[in-house]
Amino acid sequence: MALTRTCYAAPAAAAIAALALFLLPAARPAAFYESFLYILFYWIALATSWNILSGYAHYLSFGHGAFFGAGVYTTATLTTKFSIPFLWTIPAAAAVAALLAAGIGAVVFRLHRLRGDLFALLTLAVAFVLSSIILNTPIDGGPGVYLSAVPLPNLGSPTATIYLLGLILAVIAVAAAYFVAHSRLGLGLFAIHDDEDVAQVKGVPTFRYKMIAFAISAGIAGAVGAVHAMYVSYVTVGETFNITVPLYVVLMSILGGMRHWLGPAVGAALIGASLFAFTGGAEATIGRAVVAVGLVAVILLLPEGVVPTLLRQAKRWLRIRGRPPALAAAPLPAQSTPRVQHAAPGVPLLACTGVEKSFGGIRALRGVSLELKRGEILGLVGPNGSGKTTLINVVSGQYRLDGGRIVLEGRQIGRSDAHRIAALGIARTYQIPRPFWHMTALENVVLAGTFGRADHQRSTIRAEAQHWLEFAGLGAHRDHLPAELNLHERKFLELARALAAHPILLMLDEVLAGLTPSEVANALALIRRIRDAGTTILFVEHNMRAVLELSDRLVVLNYGQVIAAGAPRDVVRNPEVVSAYLGAAHA
């Protein structure tokens, strides 16, 4: 799916449908139809709000009912105990839910181990804790809260009022999902979905983006809870915090398509309509079974969801008709070369002093010290497990520094966040390519260009990303997913993605591994072109012929320590290097 390309057909159709629904009460339909449509709006808003964090960033929450319940009881408390007008309680309910999410996220999102299943279970626990607090305090106290005496605003009949409020919240939720998906925030969330560590190294402020998405998601759910409290007019803990609510929300999002802004709304409409059509009357049990079997079949046949599958089929049809989507023409910006370096002459670009990193009782780096001069290619070699990749991980911020100093152009970066280091001009590739698997090759490069630099121009970012794909020989593969590329192409995609950030320092981690001799020759020529354009390169490689041919200087690591440094031909004749790494025959 084209995350970075805006298509206005679907939003326009959604806007026209919303306008028609807003005009429906003027036709004075039966109250039944307004109530039925409100239930659809209720599910659309809840499913879409859940998807803004859980679908986009893949932080699956089973406790979305906690934020919905917080909204329900905020309105119930403010209207019945403090006589606050109902409409005023809707933003209050949204704020309470958003603050609850922010408090949870401030703790949870700082703990990397609380991802995936652990995050889902934690949110479920939050719902149970919140329901227990409400049940055992005067907020509810056990018998529930009656809202039947709370006056509604005069927007026509009571059912028309609830209908319009539900529609407004559904429109707000879908609009929020659309604008998030087509913004920097959405691009960052999709990257977090695929590989959060890589996203941060590429410049995405992952903690901040997760907090924003969580607050938006919870705030909408809280507002939905406020309106739903008035719809049911009698709220209890058992019904409000029922596990059925989050489970339906998850199912609706999966059915419609979690990676598309319209997917949860489509899933909610399909499931809501199916439940009404097949579960009424005397055959309700059989009807539920039919709906369940149908949903299982659809999910198995359309694992990406209904909306992404239909869009992919439409795109394939356009290709068959000879009308592939065109890349918007835009001139490349003037800064298509690496960013300018301002530090004083004679100061090394990068200086590592006594760098240490341990994993439990294993000391991966034991006081590594080296300098990287501007415009040079520094080769970093050593046996497997010597600490080469660990050093790159520490310099790029993926690992926290345990001891020592890392200085970039006179600025200490050893304990900075990875996205801040990326913004300073450090980019890297990975030994085993780690692209964002659900993004096309072009979208991978667009993301790096968007977050890796502060001087990018949004109007030209896609054209410049295409430029870097062409530079790496991947121009014809811009619409391909990484799974459709071979190893050689994925490695060059990593290179194009790194170059899109206009780095002053590029760290290449075994970029030649697994390539054929002709591919190695092409890669070496490409690396020389990068250095000639002004980028300094740290080059980790086991192919010693390539290292000697390419490197200006050589540093050798063994057991996390520097054992030799200097001119390549001199270093490879060092007896300690021969003994620890090369072997006498190779030397």
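Which residues of helix 18 are buried? Let me answer that straight away. They are Ile461, Arg462, Ala463, Glu464, Ala465, Gln466, Trp468, Leu469 and Phe471. That makes 9 of the 11 residues in helix 18, so the helix counts as mostly covered. Keep in mind that this is a predicted model.

What covers them? The cover includes helix 17, helix 19 and helix 20, the last of these running over 517–532. Just after helix 18 comes glycine 473. Its phi is positive, near 80 degrees.

Now take the first of those neighbours, helix 17. Helix 17 spans residues 441–451, and helix 18 spans residues 461–471. The two pack at an angle of about 115 degrees. Their axes are 9 Å apart. The crossing is right-handed.

Who meets whom? From helix 17 we have Ala441, Leu442, Val445, Val446, Gly449 and Thr450. From helix 18 we have Ile461, Arg462, Ala465, Gln466, Trp468 and Leu469. By type, this contact divides into 8 nonpolar, 3 polar and 1 charged. Look at the spacing in those lists as you rotate the view. An α-helix has 3.6 residues a turn, so residues three or four places apart point the same way.

Next, cavities. How many of 30 Å³ or more turn up in a search of the whole structure? There are 3. The largest holds about 60 Å³ of space. Its lining is Val201, Lys202, Ala422, Ile426, Ala427, Arg428, Ala448, Gly452, Arg497, Ala498 and Ala501. Two elements give two or more residues each: strand 8, at 426–428, and helix 19, at 487–499. Strand 8 provides the largest share, with 3 residues. The lining splits into 7 nonpolar, 1 polar and 3 charged residues.

Two single residues now. Start with serine 551. It sits in the loop between helix 21, residues 544–550, and strand 11, residues 553–558. Is serine 551 buried or exposed? Its relative accessibility is 8%, so it counts as buried. The cut-off for buried is under 20%. Leave aside its neighbours within four places in sequence, and serine 551 is in contact with Ile377, Gly379, Phe539 and Pro568.

The other residue is tyrosine 231. You will find it in helix 9, residues 206–232. Tyrosine 231 has a relative accessible area of 32%, and therefore ranks as partly exposed. Not counting residues up to four places away in sequence, tyrosine 231 touches Ser35, Tyr38, Ile39 and Ile162. One distance to note here: the C-alpha atoms of tyrosine 231 and isoleucine 44 are separated by 16 Å. Along the chain, those two are 187 residues apart.

Last, the whole chain. Its secondary structure comes to 23 helices and 12 strands. The C-alpha trace spans about 90 × 60 × 45 Å along its principal axes. There are 587 residues, and buried ones make up 53% of them. What about contacts along the sequence? Take those with a separation of 6 or more. Residues 24 or more positions apart account for 75% of them.

To close, back to where we began. Helix 18 has 9 of 11 residues buried, and helix 17 crosses it at about 115 degrees.

Key
Residues are numbered from 1 along each chain as its sequence is written. This is a predicted model: local features need pLDDT of at least 70, side-chain atom pairs count only at pLDDT 80 or more; totals for chains, interfaces and linings use all residues. Side-chain values use heavy atoms; hydrogens and water are left out. Axes are lines fitted to C-alpha atoms, for helices over the stretch in contact, and angles run from 0 to 180 degrees between N-to-C directions. Helices (H or I, at least four residues) and strands (E, at least two) are DSSP runs, numbered from the N terminus. A crossing is left-handed if the near helix is turned anticlockwise from the far one by less than a right angle, and right-handed if clockwise. Contact means heavy atoms within 4.5 Å. Ala, Val, Leu, Ile, Met, Phe, Trp, Tyr, Cys and Pro count as nonpolar, Asp, Glu, Lys and Arg as charged, and the others, Gly among them, as polar. On a 1 Å grid over the protein atoms alone, a cavity is a set of points where a 1.4 Å probe fits but cannot get out, and a pocket is an open set with protein on both sides within 12 Å along at least five of seven lines; lining residues have an atom within 4 Å of a point. Grid points are joined across faces, edges and corners, and a volume is the space filled by probe spheres set on the points. Buried means under 20% relative accessible area, exposed over 50%, partly exposed in between (1.4 Å probe, protein chains only).
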